Amino acid sequence: MVQERMVGAVRIWWRTPGRVGPGRGPYAGDGPWELMVREAWLGDYDARGGDGVSSDVPLRSAAMTRADVAARDQASDWLTYVPERDRKLVVMALGQLASGKPRVSWMALRRPMGVKIGAHGLRRRYTRAIGGIADALNRRKCEGRHGQGLELS
């Protein structure tokens with residue numbers, strides 16, 4: 001369940017305005033301005049973005065709700081339960097799963113993680129990290145039942 005929530009958080013991060021693509025500023029997604037494209041033959045600006053044919057326009061992702069942002073931020077905060085040396089590994093593995101891959105390619109993560117051998121070791125580190133998050137959340141939940149009032153949902 002932890003992995004599923006974190007994969008969902010990665011997908012929500014990808015939908016966050018201003019965070020997709022290189023060179024976009026923090027305000028690039030705060031309004032319709034990103035949709036405006038100069039149509040030279042009309043001498044005007046238009047939000048269609050294609051050659052005047054609506055089928056040329058890529059679909060925009062749905063706007064994020066407060067619940068989406070809250071879920072994203074909560075799952076992102078869970079990375080604090082992961083040892084610092086494994087955070088990059090966890091994020092890269094979650095990125096592969098969020099992109100639709102059925103499982104993580106540990107061999108592909110060796111180079112970015114700076115290891116020549118040990119794909120099996122990377123998988124074990126990831127499994128321990130996700131398990132550590134689950135353990136920490138379960139501890140917080142148990143503490144919440146004894147008067148702390150913590151809510152994890």
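Arg85 is exposed in this predicted model, with a relative accessible area of 56%. Its side chain meets that of Asp86 in a salt bridge, with an N to O distance of 3.8 Å. Asp86, in contrast to the exposed Arg85, is buried, at a relative accessible area of 6%. Asp86 also forms a salt bridge with Arg125, and here the N to O distance is 2.7 Å. This second pair links distant parts of the chain, since Asp86 belongs to helix α3 (residues 84-98) and Arg125 to helix α5 (residues 119-148), 39 residues apart. Arg85, Asp86 and Arg125 are thus linked in a network of salt bridges.

Arg125 counts as buried, because its relative accessibility is 13% and the limit for a buried residue is under 20%. Apart from neighbours within four places in sequence, Arg125 is in contact with Arg85, Asp86, Leu89 and Met113. Two of these partners, Arg85 and Asp86, are members of the salt-bridge network described above.

The structure holds four salt bridges. One of them joins Arg72 to Asp73, with the closest N and O atoms 2.9 Å apart. The two partners fall into separate accessibility classes: Arg72 is buried, at 8% relative accessible area, whereas Asp73 counts as partly exposed, at 29%.

Leu89, a contact partner of Arg125, is placed in helix α3. Leu89 is buried, with a relative accessible area of 0%. When neighbours within four places in sequence are left aside, the residues in contact with Leu89 are Trp106, Leu109, Met113, Leu122, Arg125 and Tyr126. Met113 therefore touches both Leu89 and Arg125, contact being defined as heavy atoms within 4.5 Å. Leu89 and Met113 are 24 residues apart along the chain, and their C-alpha atoms are separated by 6.9 Å.

The largest nonpolar core contains 26 residues, of which Met6, Val90, Trp106, Tyr126 and Ile133 touch the most other members. Helices α1 (2-15), α3, α4 (106-113) and α5 are the elements that give two or more residues to this core. The greatest contribution, seven residues, comes from α5. Trp106 and Tyr126, both listed among the core residues with the most member contacts, are also in contact with Leu89. Ile133, another residue of that group, touches Val2, Met6, Trp78, Tyr81 and Val82, not counting residues up to four places away in sequence. Among these partners of Ile133 is Met6, itself one of the core residues that touch the most other members.

The packing of α1 against α3 was examined next. The axes of these two helices come within 9 Å and cross at roughly 80°. The helices are therefore roughly perpendicular to each other, as crossing angles of 65 to 115 degrees are classed in this way. On the α1 side, the residues that meet α3 are Gln3, Met6, Val7, Val10, Arg11 and Trp14. Their counterparts in α3 are Leu94, Gly95, Leu97 and Ala98. Met6 thus appears both at the meeting of α1 with α3 and in the largest nonpolar core.

The secondary structure of the protein chain comes to five helices and two strands. Along the sequence, these elements follow the pattern α-β-β-α-α-α-α. The chain has 153 residues, and buried residues make up 27% of them. Among contacts with a separation of 6 or more, 54% are between residues 24 or more positions apart.

Confidence varies along the predicted chain. The mean pLDDT is 76, and 65% of the residues reach 70 or more. Helix α3 has the highest mean confidence, at 93, while strand β2 (residues 44-46) has the lowest, at 47. Helix α3 is also the element that holds Asp86 and Leu89. Over residues 20-34, pLDDT stays under 50, and the model has 10 contacts beyond four places in sequence for this stretch. A second stretch in which pLDDT stays under 50 covers residues 147-151, for which five contacts beyond four places in sequence are present in the model.

Methods: Residues numbered from 1 in each chain as written. Heavy atoms only, no water. Buried < 20%, exposed > 50% of the residue type's maximum accessible area, 1.4 Å probe, protein only. Helix = DSSP H or I, 4+ residues; strand = E, 2+ residues; numbered from the N terminus. pLDDT = per-residue confidence, 0-100. Core = buried A, V, L, I, M, F, W, Y, C linked by side-chain atoms within 4.5 Å. Axes fitted to C-alpha atoms, helices over the stretch in contact; angles between N-to-C directions. Parallel < 35°, antiparallel > 145°, perpendicular 65-115°, else oblique.
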